[in-house]
Amino acid sequence: MPTIDRKRQPSGDEARGRAMRAAISVIAEKGTAGLRMSDIAERAGMSTGHILYHFGKKDRLLLEVLAWSQADLWARFQEAVDLAASPAEKLDVFVRFYLPSGQGDERYALWTQVLAQQHHDEAGRRILTGLLDGWDERLDAILREGRDLGQFADVELPEFTIRAVAMLSGLAEDVMFGRARWQHASAHAFALAALTRELRPAGRA
């Protein structure tokens, strides 16, 4: 166990970011059943008291960390979207950010752990619903732009978004499970090709 210098504990955003990253790593590795705040403190090189200061109590931990992780992901997603030259490129970005990077993707493992919890209070359900809806809203904006520019087919947006996100979620579970089919093929390429086929305007090759 690393020695913790309590006089040199990080503060502010730096400390919170370190605590959040440590929590994501520990949760992905050990799950939630036997998770201890001291595990996170050790991984972060901080005191347990410092971790408790940021998280309050264990039952708030998962949602706090998930919300932080998702905000960080969406900030990077927006940067990538802003650099994209077309709705087609933005769709590529969306698929890349939605799918896990591989079987060991800690962010997606965190999602799996949170959604596996059987009981969430009303506040927790609101947070989760907002995070899930955030994906739908971002995809809807890309599809709407492409449709309005004539680069995507005139699809029924709510229905298409539901089907697209459901497909991506299924692929993500496959990747996280380690299905052999994705060891030599790209889930990203498969998903993007499937979506592009449906969005191709009539008459375009």
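Reader: In which helix is confidence highest, and in which is confidence lowest?
Author: This is a predicted model. The protein averages a pLDDT of 86. Helix H3, residues 48-55, has the lowest confidence, at a mean of 80. The highest, at 98, belongs to helix H5, residues 87-98.

Reader: Over which residues is the pLDDT below 50?
Author: Across the protein, 91% of the residues score at least 70. One stretch falls below 50, yet has 15 contacts in the model beyond near neighbours in sequence. That stretch is residues 1-10.

Reader: How many helices and how many strands does the protein have?
Author: Read along the sequence, the pattern is α-α-α-α-α-α-α-α-α. The secondary structure comes to 0 strands and 9 helices.

Reader: What does the C-alpha trace span along its principal axes?
Author: The protein has 205 residues, and 44% of them count as buried. Along the principal axes, the C-alpha trace spans about 65 × 35 × 30 Å.

Reader: What share of the contacts between residues at least 6 apart joins residues at least 24 apart?
Author: Take the contacts in the protein between residues at least 6 apart in sequence. Those joining residues at least 24 apart make up 67%.

Reader: How far does helix H7 reach from its first C-alpha to its last?
Author: Helix H7 covers residues 122-148, which is 27 residues. At 1.5 Å a residue, 39 Å is expected. The model comes close to that, at 37 Å.

Reader: Which residue just after H7 takes a positive phi?
Author: Within H7, buried residues include Gly-124, Trp-135, Asp-140 and Gly-146. Just after the helix, a phi of about 80° appears. The residue is Gly-150.

Reader: Why does Ser-69 count as buried or exposed?
Author: Ser-69 lies in helix H4, residues 58-83. Buried means under 20% relative accessible area. Ser-69 is buried because its relative accessible area is 6%.

Reader: Which residues does Ser-69 touch, not counting residues up to four places away in sequence?
Author: Ser-69 sits in helix H4. Leaving out residues up to four places away, the residues it touches are Ile-24, Arg-107 and Leu-110.

Reader: What share of the accessible surface belongs to carbon and sulfur atoms?
Author: The accessible surface of the protein comes to about 11,600 Å². The share of carbon and sulfur atoms is 51%.

Reader: How far apart do the centres of the positive and negative side chains lie?
Author: There are 27 positive side chains and 29 negative ones. Each set has its centre, and the distance between the two is 5 Å.

Definitions and conventions. Residues numbered from 1 in each chain as written. Heavy atoms only, no water. pLDDT = per-residue confidence, 0-100. Helix = DSSP H or I, 4+ residues; strand = E, 2+ residues; numbered from the N terminus. Contact = heavy atoms within 4.5 Å. Expected span 1.5 Å × (residues − 1). Buried < 20%, exposed > 50% of the residue type's maximum accessible area, 1.4 Å probe, protein only. Areas by Shrake-Rupley, 256 points an atom, 1.4 Å probe, with all protein chains shown as cover. Lys, Arg positive; Asp, Glu negative; His and termini not counted. Charge placed at Lys NZ, Arg CZ, Asp CG, Glu CD.
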